[in-house]
Amino acid sequence: MGANIMTKYIGEENYKCPLTAGVIVGCPYDMYKVIEHLDSQRFSFSRFYDIAILNFLKNAFRDNKDQILKLPVDMDVKKITSSSGIMEFTEEMTRKAFGYNSAKELLDYSSCKNYMDDIKIPTLFLNSLDDPICIKSLIPFEKIFNNPNLVLALTENGGHIGYMGGTWPTSWVEHPVTEFFASMLKHHSSKSQRGKSG
């Protein structure tokens, strides 16, 4: 979920953001709806991700259980370890650990979609239409189109940050990413030079 965290950070920093530009690949945008989508899948490739993420969370809880249970909140270990989906795990453990009233409150607060209006640096969002996690219906097209600092690039294929088409075993996603950064740095450099000469 690094894409969500980075987008939220850039938005929160607003004009104070120390970055020249940003590239966000496979952003989930709305954490609550993404997890709701993943948990609802039973016979699709998305279910693979749901199980993998849930198992990771459960293992992380088991590895750190002694420390987590020292928190001054009531937690039911049986319910946590037997959670059947990410949302249930978030409700039983994560939201309690961080002091939220519900999983939805935590996930809504954590979603970068709420901070995209405040992004003040050039930022490229790269999403694939066949991404089983960050599905097309959750892309905030209006927010992106209404902020002149944001650019959305959509591809037909790529999965969830895979982008292996025709270049196996390497990904081709680094090419547009480096091109965007190179252009932004060149623009930033020439802008700085004009400022000095003026």
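Trainee: What is the relative accessible area of Asn14?
Mentor: The model is predicted, so local features need pLDDT of at least 70, side-chain atom pairs count only at pLDDT 80 or more, and totals for chains, interfaces and linings use all residues. Residues are numbered from 1 along each chain as its sequence is written, and side-chain values use heavy atoms, without hydrogens and water. Asn14 is found in the loop between α1 and β1 (22-25). It is partly exposed (20% to 50%; buried is under 20%, exposed over 50%; 1.4 Å probe, protein chains only), and its relative accessible area is 22%.

Trainee: What is the phi of Asn14?
Mentor: Asn14 is not a glycine. Its phi is nevertheless positive, at about 55 degrees.

Trainee: Is Tyr29 buried or exposed?
Mentor: Tyr29 lies in the loop between β1 and α2. Its phi is also positive, near 65 degrees, in a residue other than glycine. With a relative accessible area of 1%, Tyr29 is buried.

Trainee: How far apart are the end C-alpha atoms of helix α3?
Mentor: Helix α3 covers residues 46-63, helices being DSSP runs (H or I, at least four residues) and strands likewise (E, at least two). The expected span is 1.5 Å times one less than the number of residues, so the 18 residues of α3 should span 26 Å. The end C-alpha atoms agree with this, being apart by 26 Å.

Trainee: Which residues are exposed on the other side of α3 from its buried ones?
Mentor: The buried residues of α3 are Ser46, Arg47, Tyr49, Asp50, Leu54, Lys58 and Phe61. They cover an arc (from the directions of the C-beta atoms about the helix axis) of only 160 degrees, so they sit on the same side of α3. The exposed residues on the other side are Phe48, Phe56 and Asp63.

Trainee: Which residue forms a salt bridge with Glu12?
Mentor: The structure holds six salt bridges, each a side-chain nitrogen of Lys or Arg within 4 Å of a carboxyl oxygen of Asp or Glu. Glu12 is partly exposed at 38% relative accessibility, and its partner is buried at 13%. Both lie in helix α1, four residues apart, about one turn of the helix. The closest N and O atoms are 2.8 Å apart, and the partner is Lys8.

Trainee: How many residues apart are Asp117 and Lys143?
Mentor: Asp117 forms a salt bridge with Lys143, with 3.2 Å between the closest N and O atoms. The pair links distant parts of the chain: Asp117 is in the loop between α7 (103-110) and β2 (123-128), and Lys143 is in helix α8 (residues 141-146). The number of residues apart is 26.
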